[in-house]
Amino acid sequence: MKKNRLWRPVVAVASLAAAAAALSGCSGFGASTGNAGSKVTITFLVQNDQATTTRAKQLIAGFEKKNPDITVKLDTQPAGTQGDNLMKTKLSTKTMDNVFYYNSGSLFQALNPKTSMVDLSDESWVKDLDKNFKQVVSVDGKVYGAPLGTSFAGGILYNKAIYNKLGLSIPTTWDEFIANSKKIAASDPGVTPILQSYGDTWTSQLLVLGDFANINKQDPNWADNYTNNKGDAKYVNEPAFEGFQHTADIHTSGLVNKDFASMTNAQAMDALATGKAAQYPMLTASIATVQQDNADKVNDIGVFAIPATTAADTSLTLWEPNGVYIASTTTGDKLAAAKKFVAFLNSPDGCEIQNTTGAVAGPYVDSVCKAPSDAPALVADIQKYIDDDKASPALEFLSPIKGPNLETILIGVGSGTTSPQVGAQQYDQDVKAQAQQLGIKGW
Amino acid sequence: MSAPTAAARRPFTVRRFARKYLLGAVAILVSIVVFLVPFVFVLLQASKNPREAGLMQFALPAQSQFWRNFAEVIQTNNFQLLAAFINSIALTVVSVAIMVVFSAMVGYLLQRRRSRLNPVVNFFVLAGLIAPPAVVPTIWVLQRLGIFDTLPGMILIEATFGLSFAILLFRAFVATIPRELDEAAIIDGAGAMRLFFGVILPLLRPVIVTVIVVQAVAVFNDFTGPLYFLPGSDNPTVQLTLYNFQSQSVSQNNLLFMNILLITIPPLIMYIFFNRQIVAGMTSGAVKG
Amino acid sequence: MTTAVAGVEPARHANAPRTPRKGRGGIRGLYPSWFYIPAGVLYLLFFALPTFSSFYFALTRWTLFDQQFIGLGNFVQFFQTPALTQGFINTFIYGFVTSAAKVVLGLALALLLTTSIFGRGYLRAVVFFPVLVSTVGVGLTFKALLDPFHGVVNSVLGALHLPQPGWYTDPHLALLTVAGVDIWKGVGIATLIFMAGIVAIPQEYFEAARVDGASAWKVFRSVTLPLVRPAMATVIILSLIGGLRSFDLIWAMTNGGPGFSSDVIASVIYKQYQAGFFGLSTAGNVILFIVVTAIMVPVQWLLTRREAEL
């Protein structure tokens, strides 16, 4: 029964720790941040992927240079749905950073802006905003956010070299798109006509979400009716059913890659850039992957709108950039400093930094900012649709309701295990559950 | 297991040789396929460039950039990983220490003293394993105590979340310590404290090591806890650094795998160290077979 | 507590086996109730209070910013979740398969690694290695290794002219594939607990059995197995609860897919939580809690009753 040496340090450390914890628990207030002199410190929260943090750091450096009496401290947190919940938790427990970066549109609405954020309607930069963007960061006519980054589009990314070689023209109807794809398949069996990448489940939604501009063109009231459960604005009915049908079509016609079930977004972008595949329904924001991995091929990739049944309806679906907001817990000197910081982001200096650090995947939504001349070629493709008035924001900017199971359901449809009709039905049910949880009237 | 044990007592026979070396060799071969191939994959990914790593293939990189990736991961966010190592290690050591002592006391009492309280305590232990922690109300409690977003607060949370698991193990293993020892200690005039800390706890060494190893890994690898209860960037923990390299639009799998590799090293060192403790415990009781 | 004196009220001691006959404190003083207090305070403050108070939110529509009492509406809606039956079946399959495999493999490995086998130190390290790797890393690694077209596993199978299954992309195989990876990742803990249990067995028992000329199988059946039972009970309880509640690896590998084919109850709840349905997911958690408790209380009773009989 020798006493061994193991437990003694264990006990010692434990009692010390318990004492330390108890002490710090009692002392409560902790370190009060004494503001030496007139120097103000504010915090800025962004998602912690490298591209976002790099840009944020550069912006902070630029801002601090111009405002030496203000210090901005960068905080980071995960993105994605995990991040959505974290945002809500921080706002509802009043522990949010002074300034934070987050989605616009329905996700912004879910943060309860009226009580959790500062009204920025009277700031000078508001007049420069694009009207579509202003709408997606506003509640009851009050603006709460400034843009950071560019808008982007969801459509068919395509390899221009392959299109040129085969003499194909941009399809404006779904039938033309399928015909093009068949020509590609016939010309070279080594080239995949259409890519799908269910290895990253979110990518399955493009043919439905990216089809919204076409729906909107056919029925401008669709989004309102959908939100209010009015009329036949359901996914089982046309025109919205189209997206489910298309997702099934490309699978049954055998035009997609064999490894669609496991391919990831990065692998698909690689195949598209290197000419192993010709077309990929995707967000233009994914061009950042090509800039990193196949920089010399960036301008080989273009984008066109997901074709509707008739050419007149075909239009491009746009995603608005994320916004920068100020938490309502920010007051006094910190509020003034935070407002200055937000204003800086969309000043000429701020835009310059945005251009050099962030991936440009579409036009800016602020008239002060201009895309650089060396922006990826697909930015010009997007601009053309906007200039021709053949573009509209995605559904998530016009309605708070998006069923959480869309990507799962569409993988079933796109793999042939669920018929498009059943898939659309399942999704309508999912939408209903979401609307009820949000407490929206009429459901 | 088919070799007769009688043979094992003789110093060196063909069977004993076969058992020791052939079985060992077979086990090592199997382990290479089952356990080392995934590990090698992690190593390969960590030495690729972003494009190759994004393709996720089991192939050698065209040109290894292991050290470049290493440097890049270390330097990300002003050496955040190093700060995270320090925080995570402090968090792990202290919370596991609290957990071990507190739950050993409960497990010991549960096993030794049969009372009407036992079923209630047993239920709470089980409930602690089954019920998922509630995030927002826990934050309220921490805020009320003034320890939200502090390392001490996080330590207490981790210690609490690990209690049930540790109590279960201690309760099971106290049963293997004969009660005669308690009696002998009492006859020697020991009190409750000396009996527990001086007699019982040292005998629980194999379990203590087990609890330390398993719970240290659990705390060190906990992701959601620090995410919600320690959100400020002043106190990063290692699991949160993984998120630096995961983004929807840009794949940085090479750096992600390098990060995975690096944050696996401290628990590995800890395990190798404590593994010796287990072996020591075994040799002091003489090895079977 | 200290008033109890040795020798009083034999009836009270009847169910406490082998009461010390002598000594100052008697059984009560020997095993003081305050040993419960430190752990109890932590548990009540940081676990019981928040968790059980959160169960109230199961009855509300809760967005974190405001809540509205809706009675049992969340429970009704939870039972209408698509593919919920499949989720329950999957939960049981996953829980029982992973738990059974961890018990059997863990015990076998522990037996192997407590003998004087060649390369024991290496083998112990390597079996435990997966436990150390984060779930995200394990998920990504196995998705790549088991990739139906580019993965190394199917390349080897192809070279051997064996069938190449779709693994996690095949709706019929996805759940079992994840369960297999879960076993790979978790068997190290079971092994460690079994090893601690085997080491704790007094060496005299093995000596005695050998003197009697018992075969290895006999030693295992009549010495190791009964004496390792407390460890086995622990492994069963921990791995079964873990398996029934687990979703993190499922989430990392398949997100419950393809379709809903590898969804378990915990992943359904997690999806609802991610969608911001906090009241609904709390209701789901209450249901899962009841289901798992209903399974575990009898299991625990059975296992610990046997332990007491020892």
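This report looks at a strand in chain A, two domains in chain B, and the contact between chains B and C.

The model is predicted, so local features need pLDDT of at least 70 and side-chain atom pairs count only at pLDDT 80 or more, while totals for chains, interfaces and linings use all residues. Residues are numbered from 1 along each chain as its sequence is written, with chains lettered from A and ligands numbered from 1 in the order in which they are written.

Start with strand 6 of chain A, residues 145-148. Strands here are DSSP runs of E, at least two residues, and helices are runs of H or I, at least four, both numbered from the N terminus. A:Gly145 and A:Pro147 sit on one side, A:Ala146 and A:Leu148 on the other, and all are buried (20 or more other C-beta atoms within 10 Å of a residue's own, C-beta atoms being placed from the backbone). Strand 6 runs antiparallel to strand 12 of chain A (residues 322-326) over four bridges; pairing takes at least two DSSP bridges. Across from A:Leu148 is A:Asn322 in strand 12 of chain A.

Chain B has domain 1 (6-46) and domain 2 (80-288), with bounds from an automatic or database assignment. Their C-alpha centres are 31 Å apart.

Now the contacts, counted when C-beta atoms, placed from the backbone, lie within 7 Å:

| One side | Other side |
|---|---|
| domain 1 of chain B: four residues | domain 2 of chain B: six residues |
| chain C: 89 residues | chain B: 92 residues |

On the chain C side, helix 3 (residues 37-54) of chain C gives the most, with twelve residues.

Technical notes:
Buried ≥ 20, exposed ≤ 12 C-beta atoms within 10 Å, placed from the backbone. Contact = placed C-beta atoms within 7 Å.
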